[in-house]
Amino acid sequence: MSLNEEGIRKVARMKELARKQYGRLSVLSDAVTMEDFNPAQHQGEFQQFPYRPLMPISDFNDPNTVMDFVFGEIGRGLASSETKFLADHLASSRVSITVPKTPLEGVLDFYESLKNDGKEPSVVFAPIEYYMDWYDDLMIAAGRNVPFKIASEEEKTYLVFPDERRLRWVWSNKFQPFNDFVVLDKNWAKWISKRSQEDGERLQITIAHAGDKLDIIFRLVFRLEILDQNAIRRFTPLHVHKTR
Amino acid sequence: VFEALRRLFGRENAPSIFQLRVIIGYGRERALEIVKSLKKFIPGNRFRTWATWRGAGTVIASERFREEFDKRLVQSDVLLMVWTSDSPTSKEASRELAKAVELTKTIMPVIERGAVPPPQFDGLTNIEFEEGNAQAHFQEIVDNLEAIRVTREGTWGIRVSPE
């Protein structure tokens, strides 16, 4: 069985939506420094996140089968797996400190601590268990009139300081769990990506025919090199503010 | 439909363990009846649904309602937002959408034919809804929720392996 005109269009849409959703959620640009693979520079082993579904060609060819949510979820799942991988690495790279602070006080203290060490903080990983108290904390600690605030652009979220400086903010969830707050300068590690030789995209998508199905491989190929563990601060706050 | 989707991902024999949690929001009162019917229509064995009743005629929700909504949203996988022609002025719906974006939830907009979607729906895959054909649209919504559920079973927590 081969792809008809509708099938060819839907394959293009699959690539577009999976990559778009992955790009909207990936934390890499704020959480690590990024380089593209260069065989002259980068020796050694690489790793990958692979996802390989077998999808019936008939579903691609049928104009009544809408698969947009499937394609988007694939990109979402890959971005989430990447975040979990980074969070696991961060947890094993630096011991967590328990501090008698609220989450916001802790984030601001460790932000300053990084700055004092000549670092440039770029992202916060925050455990979702603090979500409800976090907003009370923002309101009380920062004050209603000079607030810190949370702002989102597309699906990327930032903690915005009163002077407009901002930090990427990443909440944990059940698929990308983490237990401690982490504030870091993205120069803590280098992420080397092998891009698709076909179209140069970081999320590689290869498609082969397998009888009446398409054998599709989505994969991110990379190597993580840790550069500076002193660019990571990891903590558990002991206090929370409550307005309720 | 469910079995076809499972075959789609080559997981015919895999046990279904993942229950997708869906929170249903709405713009304004006209969508309430749609939300109530939709909640009844979504099968409980694969989906856990929670709908946001702000109360008839309520435009601005109470703090207690917002707190409850936020707690439920944290636990949810998908925000299904029903948007009718009287929705664009809903501050609460805008707030709920912003929260869903912050928490990187999948947003599934269900838009009544002729309604003007809010900017938060830009770039999202929409499902069009027409009251005269409600059952068919409800089925389309459930099929798409099932597509998300099955895809998540396969894609979330992909383990890293050597190249």
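**Exercise 1.** What is the area buried between chain B and chain A, and what percentage of it do carbon and sulfur atoms give?

*Solution.* The model is predicted, with local features requiring pLDDT of at least 70 and side-chain atom pairs pLDDT 80 or more, whereas totals for chains, interfaces and linings use all residues. Residues are numbered from 1 along each chain as its sequence is written, chains are lettered from A in the order in which they are written, and side-chain values use heavy atoms, without hydrogens and water.

Step 1. Buried area is the accessible area (1.4 Å probe) that two parts lose on being put together, summed over both.

Step 2. For chain B and chain A this area is about 3,700 Å², and carbon and sulfur atoms give 61% of it.

Step 3. In terms of contact (heavy atoms within 4.5 Å), 46 residues of chain A and 41 residues of chain B take part.

**Exercise 2.** Describe the polar links between the chains and the make-up of the chain B side.

*Solution.* Step 1. A salt bridge requires a side-chain nitrogen of Lys or Arg within 4 Å of a carboxyl oxygen of Asp or Glu. Three are found across the interface of chain B and chain A; one of them joins Lys174(A) to Asp77(B), at 3.2 Å from N to O.

Step 2. The elements giving two or more residues to the side of chain B that touches chain A include H1 (2–8), H3 (63–75) and H5 (134–155) of chain B; helices are DSSP runs of H or I with at least four residues, strands runs of E with at least two. H5(B) supplies the largest share, seven residues.

Step 3. By class, this side of chain B comprises 16 nonpolar, twelve polar and 13 charged residues. Ala, Val, Leu, Ile, Met, Phe, Trp, Tyr, Cys and Pro count as nonpolar, Asp, Glu, Lys and Arg as charged, and the others as polar.

**Exercise 3.** Is Asn61(A) buried or exposed?

*Solution.* Step 1. Asn61(A) belongs to helix H3 (residues 57–61) of chain A.

Step 2. Asn61(A) counts as buried because its relative accessibility is 13%, the limits being under 20% for buried and over 50% for exposed, with partly exposed in between (1.4 Å probe, protein chains only).

Step 3. The side chain of Asn61(A) reaches the backbone oxygen of Ser2(A) at 3.1 Å, and a polar atom of that side chain lies 2.9 Å from the backbone nitrogen of Asn4(A).

Methods: Polar contact = N/O pair within 3.5 Å; in protein donor to acceptor, adjacent residues only side chain to side chain.
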